[in-house]
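Grab a pencil and work through a few exercises on the model shown here. Try each task yourself before you read the solution.

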Amino acid sequence: AEAGALRARDLTQQLLTFAKGGTPVKRTASLIDIVRESAAFAVHGSTSRCIFDLAEDTWHAEVDSGQISQVVRNLTLNADQSMPHGGTITISTRNIQLAGGTLPLPSGLYVEVAVSDRGSGISPQHLDHIFDPYFTTKHKGSGLGLATSFSIIKKHNGHITVEARGGGGTTFR
């Protein structure tokens, strides 16, 4: 019952964030702390485990901690669900300086968070749709996790990408 209530709470939060636009209330925060806590919560009780490769010098950032936590949980849960028999989820952070034209972002200083799994991967025909609202390939999925994550990252003046590897495995950055 508790797990069902928590799932309902998370789904309600995602619907509210997606429907209302969820303008972030930003404060300076440690992304390392957010990533560790959110990912650990997402895999609690699962057969998957997280390996963290968090750069010690990862910059603090102006973020809405609750929203960024939701993104990390969504990506970690997707990674976990892509490995039904369990596996390893690698989560890393690093500071980067983008030059113009590298991504659809202005030049500047950014923190990259990457979530990688060794699951079944994402088939090429689905890649163009994974951030669409209500698109899902899961029987029990709502199709809101990645759409909400995309929206949150965009509202934080960031960008999210996906790399699906041929033999399986996916990395979201």
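**Exercise 1: A charged trio**

E112 is buried, with a relative accessible area of 14% (buried means under 20%, exposed over 50%, partly exposed in between, using a 1.4 Å probe and protein chains only). Before going on, a word on the ground rules: this is a predicted model, where local features need pLDDT of at least 70, side-chain atom pairs count only at pLDDT 80 or more, and totals for chains, interfaces and linings use all residues. Residues are numbered from 1 along each chain as its sequence is written, and side-chain values use heavy atoms, with hydrogens and water left out.

Task: Find which residues join E112 in one network of salt bridges.

Step 1. Recall the rule: a salt bridge is a side-chain nitrogen of Lys or Arg within 4 Å of a carboxyl oxygen of Asp or Glu. By this rule the model has two salt bridges.

Step 2. Look at R94. Its side chain meets that of E112 in a salt bridge, 2.8 Å from N to O. R94 sits in strand β4 (residues 88–98) and E112 in strand β5 (residues 108–117), so this pair ties together parts that are 18 residues apart in sequence. Strands and helices here are DSSP runs numbered from the N terminus (helices: H or I, at least four residues; strands: E, at least two). R94 is partly exposed, at 45% relative accessible area.

Step 3. Now try R173. E112 forms a salt bridge with R173 too, and the closest N and O atoms are 3.5 Å apart. That pair links distant parts of the chain, with E112 in strand β5 and R173 in the segment after β7 (170–172), 61 residues apart. R173 is partly exposed, with a relative accessible area of 37%.

Step 4. Put the pieces together: salt bridges that share partners join R94, E112 and R173 into one network.

**Exercise 2: A buried acid**

Task: Work out where D64 lies and what its side chain reaches.

Step 1. Locate it: D64 lies in the loop between β3 (61–63) and α3 (65–81).

Step 2. Check for a charged partner. D64 is buried yet has no salt bridge, and the nearest side chain of opposite charge, R27, is 7.1 Å away. For this check, Lys and Arg count as positive and Asp and Glu as negative, while His and the chain ends are not counted.

Step 3. Look towards the helix. At the start of α3, a side-chain oxygen of D64 reaches to within 3.1 Å of the backbone nitrogen of G66.

Step 4. List the other company. Leaving aside neighbours within four places in sequence, D64 is in contact (heavy atoms within 4.5 Å) with P24, V25, K26 and H156.

**Exercise 3: The helix next door**

Task: Decide whether α3 is mostly covered or mostly uncovered.

Step 1. Count: 12 of the 17 residues of α3 are buried, so to speak "mostly covered" is right.

Step 2. Name some of them: the buried residues include I68, V71, V72 and L75.

Step 3. Take its span. α3 reaches 24 Å from its first C-alpha to its last, close to the 24 Å expected at 1.5 Å a residue (1.5 Å times one less than the number of residues).

**Exercise 4: The whole chain**

Task: Say how many helices and strands the protein chain has.

Step 1. Count the elements: there are five helices and seven strands.

Step 2. Add the cover: of the 173 residues, 42% count as buried.

Terms used. A polar contact is a pair of N or O atoms within 3.5 Å; within protein, one must be able to donate a hydrogen and the other to accept it, and residues adjacent in sequence count only if both atoms are side-chain atoms.
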